[in-house]
Amino acid sequence: MRIANLHGRGVFVLGADGAEKAAEIVAVSAGRFGPDPARIFAKWDEFKQWASTVSADVLQAHSFPLDRMLLGAPSPAPRQVFAVGLNYQAHAAESGFEAPDHLPPVFTKYVSSFSGPYSTVVLPRGGNVDWEVELVVVIGRELHRAEPGQVWESVAGLTVGQDISERVSQLRGPAPQFGLGKSFPGFSPQGPWLVTPDELDNPDDLEIGCSIDGEDVQKGRTRDLIFPVPQLISGLSQTVTLYPGDVVFTGTPAGVGVGREPQRFLQPGESLNTWIEGIGTLHQKFVAAE
């Protein structure tokens, strides 16, 4: 199942290859589930069970062409947003750190930085803006002190994310400001839709990457996560309670700009395409601040 946030309304996504259609969840369910995509996650188990009974004919009867430019972040109003650092061995090495052996560094990105898969991002003045492709997990069930074996059944779905990062404000002293440096407007694009784990042959092994103006700058596989999704979500839940709709950025593979020699950062006029196998692609354009 694929669901999306289409201009603030929850929809099923039908079809593929640029010919996708949408069917509004509120219409298909005859009002059982409202239009707000954020509220679907609060009833995720009920929604998932009901959705499994909906026929393809019913979905088609309610379908209409999907305008990708109207897509927003699949979980637009999470209670909590978690972001994870150093969760790929090669990225830890390029960042000059030892790989974590207990739980990777955890910080937050703020909801005000969320956008959909198609967006224009303003580059802050005096900044060095970097890219970080990430697999994003959306939680579907309240979790606290969960075991790894409980995690996949409690995940609503997966989406593509970019942890866009302004390195000057992130790294200047006296202590790093990870959350603020990664939360300028538009710095957390996600989408294009949420894909439930059962749609993927192996949700623990997906190709992940991004390119600038057609040049690949990151490419990896999620099987190389030091803490795969079950271990990562379980680890987080040992301290915090995770709620339906919560968003977890799981870490980025090697190839970020700050780790290059010479360092490279995004420039006005450049375009960033970000993809994950079996899910989809994000498209960001960068412009200078006025």
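Buried means under 20% relative accessible area, exposed means over 50%, and partly exposed lies in between. R221 has 22% relative accessibility, so R221 counts as partly exposed. The model described here is predicted.

## Salt bridges

The structure holds 15 salt bridges. Three of them are set out below.

| Pair | Closest N to O distance | Location |
|---|---|---|
| R9 and E24 | 2.9 Å | R9 in strand β2 (residues 9–14), E24 in strand β3 (residues 21–24) |
| K182 and D163 | 2.8 Å | K182 in the loop between α7 (178–181) and β14 (188–195), D163 in the loop between β12 (155–162) and β13 (165–166) |
| R221 and D205 | 2.7 Å | R221 in strand β16 (residues 215–221), D205 in the loop between β14 and β15 (207–212) |

Take R9 and E24 first. Their side chains meet in a salt bridge at 2.9 Å, N to O. The pair links distant parts of the chain, with the partners 15 residues apart. Are the two partners buried or partly exposed? R9 has 35% relative accessibility, so R9 is partly exposed. E24 has 19%, so E24 counts as buried. The cut-off for buried is under 20%.

Next come K182 and D163. Their closest N and O atoms are 2.8 Å apart. The two residues sit in separate loops, 19 residues apart. K182 is buried because its relative accessibility is 2%. D163 is buried too, because its relative accessible area is 0%.

The last of these pairs is R221 and D205. Their closest N and O atoms are 2.7 Å apart. R221 lies in strand β16, while D205 lies in the loop between β14 and β15. The two are 16 residues apart, and the pair links distant parts of the chain.

Which residues are joined into one network by salt bridges that share partners? They are K109, D130, E132, D163, R167 and K182. The K182 and D163 salt bridge was described above.

## Strands and pairing

Strand β15 is mostly covered, with five of its six residues buried. β15 pairs with β16 in the antiparallel sense over six bridges. Within that pairing, C210 has Q218 in β16 as its bridge partner. β15 and β16 also form a hairpin, with two residues between them. In the turn, D213 has a positive phi of about 50°. R221, the salt-bridge partner of D205, belongs to β16.

β15 has another pairing, with strand β18 (residues 271–276). This one is antiparallel and runs over five bridges. Here I212 has L272 in β18 as its bridge partner.

Strand β9 (residues 118–123) shows two faces. In a regular strand the side chains alternate between the two faces of the sheet. S119, V121 and L123 form the covered face of β9. Y118, T120 and V122 form the uncovered one. What is the sense of the pairing between β9 and strand β19 (residues 280–288), parallel or antiparallel? β9 and β19 pair in the parallel sense, over six bridges. T120, on the uncovered face of β9, has K285 in β19 as its bridge partner.

## Pockets

Rolling a probe the size of a water molecule over the atoms shows where empty space is left. The largest pocket holds about 380 Å³ of space. How many residues line the largest pocket? Its lining has 23 residues, and L86, S95, F97, Q170 and F178 lie nearest the centre. The elements that give two or more residues to this lining are α5 (89–94), β7 (106–107) and α6 (167–171). The largest share, three residues, comes from α6. By class, the lining has eleven nonpolar, seven polar and five charged residues.

The second largest pocket holds about 150 Å³. Its lining is made of A38, R39, F41, A42, S75, A77, P78, R79, Y243, P244 and G245. These residues divide into seven nonpolar, two polar and two charged.

## Annotated span

An unreviewed UniProt entry annotates residues 81–286 as "domain: Fumarylacetoacetase-like C-terminal". The end C-alpha atoms of residues 81–286 lie 24 Å apart. The span is 12% helix and 34% strand.

Conventions: Residues numbered from 1 in each chain as written. Predicted model: local features only at pLDDT ≥ 70, side-chain atom pairs only at ≥ 80, totals over all residues. Heavy atoms only, no water. 1 Å grid on protein atoms, 1.4 Å probe; cavity = no way out; pocket = protein on both sides within 12 Å on 5 of 7 lines; lining within 4 Å. Points joined across faces, edges and corners; volume = space filled by probe spheres on them. Helix = DSSP H or I, 4+ residues; strand = E, 2+ residues; numbered from the N terminus. Nonpolar A, V, L, I, M, F, W, Y, C, P; charged D, E, K, R; others polar. UniProt positions renumbered as here; feature names shortened; annotations may be inferred. Salt bridge = Lys/Arg side-chain N within 4 Å of Asp/Glu carboxyl O. Buried < 20%, exposed > 50% of the residue type's maximum accessible area, 1.4 Å probe, protein only. Pairing = 2+ DSSP bridges.
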